[in-house]
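Q: Please take a close look at one part of this model, the seven-stranded sheet of chain B and the helices around it. I am a first-year student, so go through it step by step.

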Amino acid sequence: MLRILMTDNRKILILNELDNIAVCLVNMEVGEVIRQDALNLTIQNRIPRGHKVATKAIAKDDGIIKYGERMGHATSDIKIGEHVHTHNVLGDRLSTEQVNMEQKN
Amino acid sequence: MSKQLTAFARADERWGLRNHVLILPLHSALSATARKIADESDGAVAVSHDWSGEVDGDFDRIIKTFSGFAANPNNYATVFITIGTPGELLIIDLAKKLGINKAEVLNVAELGSMSKIAGAGLKIANSLVKEAKAQSRISAPWSAIALGQECGGSDALSGITANPALGVASDRLVELGAASVLGETTEILGAEHLLAARAITPEIGAQIIETVARYERSINYEGIDMRGAQPSRGNIEGGLTTLEEKSLGAAKKAGSAQFSGVLEYADQVPKSGLYFMDTPGHDTEQLTGFAAGGINVVVFTTGRGTPTGSAIMPTIKLATNTTMASAIPDLIDLNAGTIADGIKTLAEVGGELFDLILAVANGQITKAERGLHHEFSLSRMYNTVIK
């Protein structure tokens with residue numbers, strides 16, 4: 001079963017202990033500090049409710065882990081507390097466009 | 001609340017969770033008459049559609065859909081209205097082979113005018129409704145439940161609240177001996193390796209992978225970039241970043257049970273176990289395929305409050321977030337948003353959903369049934385050819 005960890009302030013959800021991201025349950029403002037147990041992060045950008053924040057430092061090309069599974073990879077280095085979304089993450093699955101191009105080459 | 005399941009007994013150890021009288025037009029031009037009969041009757045239901053007997057690439061798929069829908073165990077009886085083309089007669093034959101409980105046929109060619117059809121149809125419908133109301137539920141085994149899993153209007157909380165809560169309820173039902181079916185091939189793209197790893201045999205795992213690969217080949221052929229379409233713009237605004245992420249969340253509906261098999265669209269669902277059915281992402285086409293496969297109750301998780309339902313399958317709406325659930329209480333049966341609010345645990349909401357599925361199976365009316373959401377859509381793979 002899915003093991004969900006919610007911070008006492010009900011702002012952050014960690015879906016699996018292997019994850020390097022967490023889900024924000026409220027809008028997060030720059031500079032906000034979330035500190036509980038092993039979790040210690042300072043919010044680096046405004047992050048909307050429902051979006052992801054890095055809970056560990058993620059190097060370029062490293063996997064983004066959610067639910068304990070790989071959901072894509074980082075396209076740049078991501079600091080703890082940074083917004084994790086389409087600007088710094090790409091899915092691993094090749095797009096159809098890429099598949100078609102590879103077939104032509 | 002009683003944990004005892006009761007249902008309507010059918011032949012071949014099949015069970016109905018409802019006792020509908022379905023008026024089924026077998027040609028698009030008969031849809032209005034079918035609707036008129038149902039509306040004027042004492043409680044029969046009808047569906048409308050756009051098939052006019054085309055014999056093309058989708059013929060087998062459409063015949064299978066109609067015959068399975070007619071033979072769904074939630075139907076006490078089906079009244080077919082037909083103009084008598086070979087395809088229509090094939091549907092009636094196949095429905096009988098699938099163990100339809102009771103079939104009546106109104107043939108336009110024999111009865112002549114539409115008013116005669118409507119008059120005869122109303123008389124038959126009312127007498128069947130009377131019979132259906134006289135039938136009592138009896139104690140039924142858990143295998144009487146065939147649960148369909150559906151999600152529509154996903155948001156960032158779908159994979160955290162409603163989908164895993166459905167997974168908890170599905171796991172419990174499967175363990176007790178019920179059948180449960182995950183669909184929507186589009187929505188497992190990127191998570192299929194995880195589902196395949198849960199198959200009871202390597203062959204079934206390979207089938208899951210191949211079903212998704214087949215779908216991917218077909219969209220490649222059409223030149224569609226799935227990464228452009230999924231996650232959708234709305235999903236991205238909500239916080240979903242990649243296709244894999246959306247699929248990982250969608251797959252949570254199927255809990256953690258092992259997969260006992262892969263079904264083609266509208267294939268008959270076995271009595272027990274967790275299955276994957278190859279259905280389109282289109283909500284109504286998927287629900288119609290589920291009904292044609294004999295599924296008799298659905299849990300539909302939604303982030304936006306999609307109203308879609310079925311004429312014959314009770315469809316339970318499980319909200320992913322409290323904001324939406326509070327805004328449209330007339331569409332939502334249960335709110336899983338409480339998990340993200342920190343008010344309830346996943347196990348608690350999963351337990352509440354299990355109890356609700358049982359109550360609905362025992363006859364409690366869902367919001368979609370009360371709202372008469374009787375949507376029906378045929379799933380097509382090819383261009384329609386008129387001959």
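A: What follows describes the sheet, then the helices on it, then the helix contacts further out, and ends with a few other parts.

The model is predicted, so a word on confidence comes before the details. Chain B has a mean pLDDT of 93, and 97% of its residues reach 70 or more. For the complex, the predictor gives an ipTM of 0.90 and a pTM of 0.92.

The sheet in chain B is open and has seven strands, in the order β10-β11-β9-β8-β12-β13-β14. Its pairing is parallel. At the edges stand β10 (259-263) and β14 (334-335) of chain B. Each of these two has a single partner strand, so one side of each is left without a neighbour in the sheet.

Strand β8 of chain B, residues 146-152, runs parallel to strand β12 of chain B, residues 297-302, and six bridges join them. Within this pair, E150(B) is opposite F300(B) in β12(B).

Two helices that pack on this sheet can be described by the strands they touch. Helix α6 of chain B, residues 162-176, touches β8, β9 (179-182), β11 (273-277), β12 and β13 (315-319) of chain B. The direction of α6(B) makes about 170° with that of β8(B). Helix α12(B) also packs on the sheet, with β8, β9, β11 and β12 of chain B as the strands it touches. For α12(B), the angle with the direction of β8(B) is about 175°.

Each of these helices also meets another helix. Take α6(B) to begin with. The axes of α6(B) and helix α14 of chain B, residues 346-361, come within 8 Å and cross at roughly 60°. That angle makes α6(B) oblique to α14(B), and the crossing of α6(B) past α14(B) is right-handed. On the α6(B) side the contact involves P164(B), A165(B), L166(B), V168(B), A169(B) and R172(B). On the α14(B) side, L346(B), A347(B), V349(B), G350(B), L353(B), F354(B) and I357(B) take part. Sorted by class, this contact has eleven nonpolar, one polar and one charged residues.

Helix α12(B), residues 283-292, has a contact with helix α2(B), residues 59-71. Their axes come within 7 Å and cross at roughly 60°. Here too the angle makes the helices oblique, α2(B) to α12(B), but α2(B) passes α12(B) in a left-handed crossing. From α2(B) the contact uses K64(B), T65(B), G68(B) and F69(B), and from α12(B) it uses T288(B), G289(B), A291(B) and A292(B). By class there are three nonpolar, four polar and one charged residues in this contact.

Going on from α2(B) leads to helix α3 of chain B, residues 86-97. The axes of α2(B) and α3(B) come within 8 Å and cross at roughly 45°. The two helices are therefore oblique to each other, and α2(B) passes α3(B) in a right-handed crossing. In α2(B), the residues involved are F59(B), I63(B), F66(B), S67(B), A70(B) and A71(B). They meet G87(B), L90(B), I91(B), L94(B) and A95(B) in α3(B). The classes in this contact are nine nonpolar, two polar and no charged residues.

Chain B also has strand pairs that run antiparallel. Strand β1 of chain B, residues 6-9, is joined by two bridges to strand β7 of chain B, residues 138-139, and these strands run antiparallel. In that pair, S139(B) is the bridge partner of T6(B). Two bridges also join β1(B) to strand β2 of chain B, residues 15-16, again in the antiparallel sense. F8(B) is opposite G16(B) in β2(B). The hairpin of β1(B) and β2(B) has five residues between the strands, and D12(B) takes a positive phi near 60° there.

One further helix of chain B links this account to chain A. Chain A has an open sheet of three strands, in the order β7-β8-β10, with antiparallel pairing. At its edges are β7 (63-66) and β10 (89-90) of chain A, each with a single partner strand, so one side of each is left without a neighbour in the sheet. Helix α11 of chain B, residues 243-250, packs on this sheet and touches β7 and β8 of chain A. The direction of α11(B) makes about 165° with that of β8(A).

Key:
Residues are numbered from 1 along each chain as its sequence is written. Chains are lettered from A and ligands numbered from 1 in the order in which they are written. This is a predicted model: local features need pLDDT of at least 70, side-chain atom pairs count only at pLDDT 80 or more; totals for chains, interfaces and linings use all residues. Axes are lines fitted to C-alpha atoms, for helices over the stretch in contact, and angles run from 0 to 180 degrees between N-to-C directions. Helices (H or I, at least four residues) and strands (E, at least two) are DSSP runs, numbered from the N terminus. Angles under 35 degrees count as roughly parallel, over 145 as roughly antiparallel, 65 to 115 as roughly perpendicular and the rest as oblique. A crossing is left-handed if the near helix is turned anticlockwise from the far one by less than a right angle, and right-handed if clockwise. Two residues are in contact if their C-beta atoms, placed from the backbone, lie within 7 Å. Ala, Val, Leu, Ile, Met, Phe, Trp, Tyr, Cys and Pro count as nonpolar, Asp, Glu, Lys and Arg as charged, and the others, Gly among them, as polar. Two strands pair if DSSP finds at least two bridges between them. pLDDT is the predictor's confidence in each residue, from 0 to 100.
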